[in-house]
Amino acid sequence: MTAAATHGKAGAPSDARLYAVLGLLLVVLAVASLVIGDVALSPAALFVPPGSIILEEIRLPRLLLGILMGGSLGLSGAALQGLLRNPLAEPGVIGISASAGLGAVIVFYFGLASVIPLVLPFAGFAGGAAAVALLYALAGRGASSVTLILAGIAISSFASSLTAVALNLAPSPYAALEIAFWLLGSLADRSMADVALIVAPVLLGWVLLGSTGRALDALTLGDATAQSLGVNLGGLRLRIIFGTALAVGASVAVAGSIAFVGLVVPHLLRPFVGHEPGRLLWPSALGGAALLLASDIAARLIPTATELRPGVITALIGAPFFFALVLAQRRVQP
Amino acid sequence: MRLAAVLAVALAVSSAAAAPPPRVASLHLCADQLVLALADRDQIASVTFLAAEPAASPMADAARGVPVNHGKAEEILALHPDLVLAGPFSARATVGMLRGLRLRVVDLPYTTNFDAIRAQIGEVAALLGHSERGARLIAEMDARLAALAPPPGPRPTAVLFQPGGFTARPGSLEDAAIAAAGFDNLAAVRGLWPHTDRAGSGRIALETLVASAPDVLILGGDADHLPAEQIRLLAHPALRDMPSKVIRIPARLWNCGGWFTADAVAMLAAARPVADLR
């Protein structure tokens with residue numbers, strides 16, 4: 001919240017109202033996600049077994065993972081859009097999710113994850129970091145939307161095809177079906193062990209990303225002006241690269257890839273913070289967490305043959321949003 | 001080439017003339033079990049490579065040294081078997097090709113109850129020319145099942161939980177084994193399917209499982225042969241906290257229906273007396 005304090009000078013009251021609204025929304029959704037599930041339980045039944053087991057071991061980890069992952073996606077989306085000064089930047093679109101997924105698939109299906117659990121978030125982080133580094137090498141800074149998206153597609157497809165290779169070589173015949181579902185993203189039936197596994201890398205990533213607000217604001221004036229204001233551009237890029245890789249990489253490693261949250265949320269919130277990228281960071285984290293929780297609750301409520309994945313719902317919301325964004329871009333740059 | 005073709009025809013003719021016992025090749029793990037239990041060793045042209053894997057195959061010991069195939073038509077053709085046994089997941093293209101090449105291919109369906117198991121043992125034993133061995137195997141299985149039959153009175157409850165969240169659908173082999181061991185299969189009796197599961201995938205939600213509080217929680221599946229993600233579900237802390245007695249049934253005992261499924265019934269029945277006290 002320090003970022004909000006330092007960057008809220010111009011619109012402090014409206015920022016406070018924005019935080020209050022988002023915070024309230026998040027609390028309501030958090031309570032809802034503890035109450036709603038496959039088994040209908042009265043509030044009293046939630047505190048005696050077997051209801052208490054369901055609450056503590058099944059619904060609580062699901063809620064915490066939703067907040068950690070949604071917050072990571074929203075925050076890194078806002079930071080990447082600010083850094084690349086490009087509204088299309090997002091961990092999924094630019095290939096970080098697919099690459100983190102590849103890292104996780106490799107350790108999952110060759111048995112490393114069951115031997116050393118800590119390998120899993122690290123593999124997600126390594127995959128995510130490799131994607132950001134590659135993107136940077138391919139597209140460079142201040143790249144046009146086209147270059148950025150092309151580089152992102154290249155990285156995504158490369159990671160997806162390597163995932164397919166890993167599947168081909170996986171020792172288990174069940175792996176193909178399993179990974180197809182896993183890649184859709186799900187928070188279902190995770191445990192507190194999963195939360196414990198990723199909480200440190202995710203929070204470290206949040207600290208790195210959250211510390212970039214002032215520099216991102218300066219960056220809107222151009223690289224040269226930002227540097228004259230004392231912004232270390234190289235350091236800024238490193239913080240965002242590692243922050244995104246840590247937070248999103250670790251999340252993807254336990255919950256699969258969940259698309260578009262990082263794209264949609266900063267765009268929805270940008271008008272409320274006067275288009276200042278620094279002030280957008282923490283509201284995007286809150287908004288990302290809220291959107292992912294809402295999608296996860298919808299996934300539990302919508303009656304379908306098998307439970308819908310929250311990743312499917314965010315993609316269904318996000319893809320039309322992406323179309324609209326492309327059209328808007330076309331009007332700006334005919 | 002011509003010589004090979006002539007030889008092949010000659011071989012086929014000679015083996016047909018020498019009629020019983022037919023040389024048999026199996027394309028499916030479930031058929032492997034029957035072949036290994038019922039056929040003479042020199043009758044067996046080939047079984048699948050899975051037949052020798054102890055985790056998947058109850059007859060793994062008997063499969064040692066028997067030639068293996070990987071379910072490919074070429075491998076089978078080269079063996080010139082008189083009879084090919086295929087199963088429900090054998091590639092249809094392979095089976096079609098073998099039939100097109102005038103091999104006798106018999107499809108064996110999955111057996112989902114003990115009557116079907118008896119019928120299949122009898123059918124394959126007759127095909128292999130060893131009906132008396134089949135009758136003996138069936139009699140042994142029936143004697144075991146009779147010895148394991150539950151006492152009259154209230155039945156303890158059980159729920160099966162397998163990798164991926166699958167449980168025992170009504171009418172499944174697992175359901176039949178659970179019932180034979182004297183349990184009420186709660187998933188089938190109470191219909192513990194998610195309200196979303198109209199397709200009948202046979203999955204049970206983790207929350208529903210915990211809330212059902214059965215006397216016995218049956219965990220299925222073998223850690224060695226599944227991806228870590230599915231195993232993780234079986235290791236979920238919520239299961240550990242359930243008050244139910246937990247037993248593990250190796251997947252090989254009921255992946256295929258056979259006389260060895262009685263071993264699963266025996267393991268389940270062994271968990272019964274404690275459950276009766278509850």
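1. A quick definition to start us off: a residue counts as buried when its relative accessible area is under 20%. With that in hand, helix α13(A) makes a good opening, since the buried residues there are A:Val261, A:Gly262, A:Leu263, A:Val264, A:Val265, A:Pro266, A:His267 and A:Leu269. Put as a tally, eight of the nine residues of α13(A) are buried, and the helix is mostly covered. Please keep in mind throughout that this is a predicted model.

2. Now for the wider setting in chain A. The chain has 15 helices and zero strands. Of its 334 residues, 55% count as buried. Among contacts in chain A with a separation of 6 or more, 78% come from residues 24 or more positions apart. The exposed area of chain A is about 13600 Å², with 75% of it supplied by carbon and sulfur atoms.

3. What does α13(A) pack against, and at what angle? Its partner is helix α14 (residues 277-301) of chain A; the two pack at an angle of about 125°, and their axes are 9 Å apart. The pair is therefore oblique, and the crossing is right-handed. On the α13(A) side, the residues that meet α14(A) are A:Val261, A:Val265, A:Pro266 and A:Leu269. Facing them in α14(A) are A:Leu280, A:Pro283, A:Ser284, A:Gly287, A:Gly288 and A:Leu291. You may like to colour A:Val261, A:Val265, A:Pro266 and A:Leu269 in your viewer, as these four also appear among the buried residues of α13(A).

4. Helix α14(A) has a second packing partner worth a look. The axes of helix α3 (residues 51-83) of chain A and α14(A) come within 7 Å and cross at roughly 140°. Angles over 145 degrees would count as roughly antiparallel, so at roughly 140° α3(A) is oblique to α14(A). This crossing, too, is right-handed. The α3(A) side of the contact includes A:Gly66, A:Gly70, A:Gly71, A:Gly74, A:Ala78, A:Ala79 and A:Gly82. From α14(A), the contributors include A:Leu280, A:Leu281, A:Trp282, A:Ser284, A:Ala285, A:Gly288, A:Ala289 and A:Arg300.

5. One residue in chain A deserves its own point. A:Ser97 sits in helix α4 (residues 96-109) of chain A. Is A:Ser97 buried or exposed? Its relative accessible area is 6%, so A:Ser97 is buried. Setting aside neighbours within four places in sequence, A:Ser97 is in contact with A:Pro91, A:Gly92, A:Val248, A:Val252 and A:Ser257.

6. Over to chain B, where the secondary structure comes to 15 helices and nine strands. Buried residues make up 51% of its 278 residues. For contacts in chain B with a separation of 6 or more, residues 24 or more positions apart account for 64%. Chain B exposes about 12500 Å², and carbon and sulfur atoms supply 60% of that.

7. How many disulfides turn up over all chains? A search of the whole structure finds one. It joins B:Cys30 and B:Cys256, whose sulfur atoms are 2.0 Å apart. The pair links distant parts of the chain, 226 residues apart: B:Cys30 lies in helix α2 (residues 29-38) of chain B, and B:Cys256 in the loop between α13 (252-255) and α14 (261-270) of chain B. The link is left-handed, with -85° about the S-S bond. Both B:Cys30 and B:Cys256 are buried.

Notes: Residues numbered from 1 in each chain as written. Chains lettered and ligands numbered in written order. Predicted model: local features only at pLDDT ≥ 70, side-chain atom pairs only at ≥ 80, totals over all residues. Heavy atoms only, no water. Disulfide = S-S within 2.5 Å. Buried < 20%, exposed > 50% of the residue type's maximum accessible area, 1.4 Å probe, protein only. Contact = heavy atoms within 4.5 Å. Areas by Shrake-Rupley, 256 points an atom, 1.4 Å probe, with all protein chains shown as cover. Axes fitted to C-alpha atoms, helices over the stretch in contact; angles between N-to-C directions. Parallel < 35°, antiparallel > 145°, perpendicular 65-115°, else oblique. Left-handed = near helix turned anticlockwise from the far one by under 90°.
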